[in-house]
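Biologist: Please take a close look at how the aromatic rings are arranged in this model, and go on from there to the parts around them. Plain wording will do.

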Amino acid sequence: MGSTLVAFVVLGAASLLLHSSKAAVYEVGDSTGWQAPSSTSFYSDWASGKNFTVGDTLTFTFSTGVHDVATVSKSDYDNCNIASQSNVLTTGPATITLTATGNQYYLCTFSNHCTRGQKLAITVAASSTPSPPSTPSPPGTPPTTPSSSPPPPPSPPPPPSASSSLVATFTLVFMSIAISFMYYF
Ligand SMILES: *[C@@H]1O[C@H](CO)[C@@H](O)[C@H](O)[C@H]1NC(C)=O
Ligand SMILES: [Cu+2]
């Protein structure tokens, strides 16, 4: 039981590591890159359907001096407030690693680019997002996949060794008795 529990804990940790190591890299706007788009909904369209998680990376591709990326508040995002932004990446391409959960807001502080749609709002989920499904699965996981290899090994060994030693003991006792009888008769 104890070793089985340990095996599951190790499995869980390993799967967590696997999930967390699969940090995604997003090219903001894909081939369009980071610029004043033709549609004001371009970047919200781009973000929709994407699941951002802590550890993922956003790459803003733009020419230095033509655009920039400012991380802003929701109200600044809503109002396209480009004045006095302090958290600005001015060199393109710029990479931002998502380190916190919740909503993140970005915009370009150049001219009217923000009002033309060069702004991005995303929601970042905990990197454990994949694990909730896997957390419930551990109980069911054994029969499914992971258990197919690691779990079986841990549990089989104990029974085999225990039962084999038991068999050996019985055999030894039986042979001793048999030999004793042979000598007696
Ligand atoms: C995002 O998550 C939802 C819900 O888990 C899922 O249905 C959808 O396929 C995911 N989208 C991507 C692009 O992974
Ligand atoms: Cu711009």
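Modeller: The model is a predicted one, and in it the count of aromatic pairs comes to 8. A pair of aromatic rings is described by the distance of the centres and the angle of the planes. Take Tyr26 and Trp46: the ring centres are 6.3 Å apart and the planes stand at 90°, so this pair is edge-to-face. Tyr26 belongs to strand E1 (residues 25-27) and Trp46 to helix H2, so that the pair links distant parts of the chain, 20 residues apart. Tyr26 and Trp46 are both buried.

Trp46 also pairs with Phe52. Here the centres lie 5.9 Å apart and the planes meet at 40°; an angle that is neither under 30 nor over 60 degrees makes the pair tilted. Trp46 has a relative accessible area of 5%, and is therefore buried. Phe52, at 2% relative accessibility, counts as buried because the cut-off is under 20%. Other ring pairs link Trp34, Phe42, Tyr43, Phe60 and Tyr106 into a cluster.

Several of these aromatic residues come up again in the nonpolar core. The largest such core has 19 residues, and those touching the most other members are Trp34, Phe52, Leu58, Phe60, Tyr106, Leu120 and Ile122. Helix H2 (42-47), strand E3 (57-60), strand E6 (94-97) and strand E8 (119-125) each give two or more residues to this core. Another core, of 7 residues, lies apart from it and includes Tyr77, Cys80, Tyr105 and Leu107. Tyr77 has a further neighbour: Lys119 lies over the face of its ring, at 4.5 Å from the ring centre.

The copper ion (ligand 2) is the next part to look at. Its protein donors are His67 (ND1), Cys108 (SG), His113 (ND1) and Gln118 (OE1), at 2.0 to 2.2 Å from the ion. The 4 donor atoms subtend angles of 97 to 134° around the copper ion, and the arrangement is tetrahedral because all angles lie between 85 and 135 degrees. Along the sequence, the donor residues follow the spacing H-x40-C-x4-H-x4-Q. His67 sits in the loop between E3 and strand E4 (69-72), while Cys108 sits in the loop between strand E7 (102-107) and E8, so the two tie together parts that are 41 residues apart in sequence. Both of these donors, His67 and Cys108, are buried.

Technical notes: Residues are numbered from 1 along each chain as its sequence is written. Chains are lettered from A and ligands numbered from 1 in the order in which they are written. This is a predicted model: local features need pLDDT of at least 70, side-chain atom pairs count only at pLDDT 80 or more; totals for chains, interfaces and linings use all residues. Side-chain values use heavy atoms; hydrogens and water are left out. A nonpolar core is a set of buried Ala, Val, Leu, Ile, Met, Phe, Trp, Tyr and Cys residues joined through side-chain atoms within 4.5 Å. Buried means under 20% relative accessible area, exposed over 50%, partly exposed in between (1.4 Å probe, protein chains only). Helices (H or I, at least four residues) and strands (E, at least two) are DSSP runs, numbered from the N terminus. Rings of Phe, Tyr and Trp (its six-membered ring) pair if their centres lie within 6.5 Å; planes under 30 degrees apart count as stacked, over 60 as edge-to-face and the rest as tilted. A charge sits over a ring if NZ of Lys or CZ of Arg is within 6 Å of the ring centre and within 35 degrees of the ring normal. Donors are N, O and S atoms within 2.8 Å of the metal (3.2 Å for Na, K and Ca); water is not among the atoms, so sites may look incomplete. Four donors count as tetrahedral if all angles lie between 85 and 135 degrees; four count as square planar and six as octahedral if opposite donors are over 155 degrees apart and all others between 65 and 115; anything else is irregular.
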